[in-house]
Amino acid sequence: MAKITADTLISDVLQLNPDAPEILLSAGMHCSGCALAHGETVAEAVAVHGEDLDALLAKLNEGIN
């Protein structure tokens, strides 16, 4: 089973978890439409947006099959 970590690229997050766009959007992160999604990690996106990394990772990993 894959796991989303701080080093996972946003583009991979969007492929791993079908609910990721909604989760990211609820955190104020418009990553699903961002041009940086292919080269930015979760940790980098969180640093820019000021979110709680551990809380976001927990939510993103809940929806992985």
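Helices α3 and α4 pack against each other at an angle of about 130°, and their axes lie 10 Å apart. These values come from a predicted model, so let us take them as a prediction while we look around. Two packed helices are described by the angle between their axes and the distance between the axes. Which word fits this pair? Angles over 145 degrees would count as roughly antiparallel and 65 to 115 as roughly perpendicular, and α3 and α4 are therefore oblique to each other. In addition, α3 passes α4 in a right-handed crossing. On the α3 side, the contact is made by Val42, Ala43 and Val46, while α4 brings Leu53, Leu56 and Leu57.

How far can you trust the picture? The protein chain has an average pLDDT of 88, and 97% of the residues score at least 70. Where pLDDT is low, the predicted coordinates should not be read in detail. Confidence is lowest in helix α3, residues 42-49, with a mean of 88. It is highest in helix α4, residues 53-62, at 95.

Now look inside the protein. The largest nonpolar core has 17 residues, and those with the most contacts inside it are Ile4, Ile10, Leu24, Met29, Val42, Leu56 and Leu60. Helices α1 (10-16), α2 (20-26), α3 and α4 each supply at least two residues of this core. Ile4 is a good place to pause. Leaving out residues up to four places away in sequence, Ile4 touches Val13, Leu16, Asn17, Val42, Leu57, Leu60, Asn61 and Ile64.

One of those partners, Asn61, is found in helix α4. Is Asn61 buried or exposed? Its relative accessible area is 17%, and buried means under 20%, so Asn61 is buried. Setting aside neighbours within four places in sequence, Asn61 is in contact with Lys3 and Ile4.

Next, find Ala45 in helix α3. With a relative accessibility of 0%, Ala45 counts as buried. Beyond its neighbours within four places in sequence, Ala45 is in contact with Ile10, Met29, Cys31 and Glu40. Two of these, Ile10 and Met29, are among the residues with the most contacts inside the core. You can also compare Ala45 with Ala27: they are 18 residues apart in sequence and 11 Å apart in space, going from C-alpha to C-alpha.

Finally, follow the loop between α2 and α3. Thr41 is found in this loop, and at 14% relative accessibility Thr41 counts as buried. Which residues does Thr41 touch? Not counting residues up to four places away in sequence, they are Ala6, Asp7, Thr8, Leu9 and Ile10.

Ala35 lies in the loop between α2 and α3 too, but Ala35 is exposed, with a relative accessible area of 72%. Ala35 and Ser11 are 24 residues apart along the chain, and their C-alpha atoms are separated by 9.8 Å. His30 is another residue in that loop. At 56% relative accessibility, His30 counts as exposed, because the cut-off for that word is over 50%. The C-alpha atoms of His30 and Ala20, which are 10 residues apart along the chain, are separated by 11 Å. So this loop holds both Thr41, which is buried, and Ala35, which is exposed.

Note on methods:
Residues are numbered from 1 along each chain as its sequence is written. This is a predicted model: local features need pLDDT of at least 70, side-chain atom pairs count only at pLDDT 80 or more; totals for chains, interfaces and linings use all residues. Side-chain values use heavy atoms; hydrogens and water are left out. pLDDT is the predictor's confidence in each residue, from 0 to 100. Helices (H or I, at least four residues) and strands (E, at least two) are DSSP runs, numbered from the N terminus. Buried means under 20% relative accessible area, exposed over 50%, partly exposed in between (1.4 Å probe, protein chains only). Contact means heavy atoms within 4.5 Å. A nonpolar core is a set of buried Ala, Val, Leu, Ile, Met, Phe, Trp, Tyr and Cys residues joined through side-chain atoms within 4.5 Å. Axes are lines fitted to C-alpha atoms, for helices over the stretch in contact, and angles run from 0 to 180 degrees between N-to-C directions. Angles under 35 degrees count as roughly parallel, over 145 as roughly antiparallel, 65 to 115 as roughly perpendicular and the rest as oblique. A crossing is left-handed if the near helix is turned anticlockwise from the far one by less than a right angle, and right-handed if clockwise.
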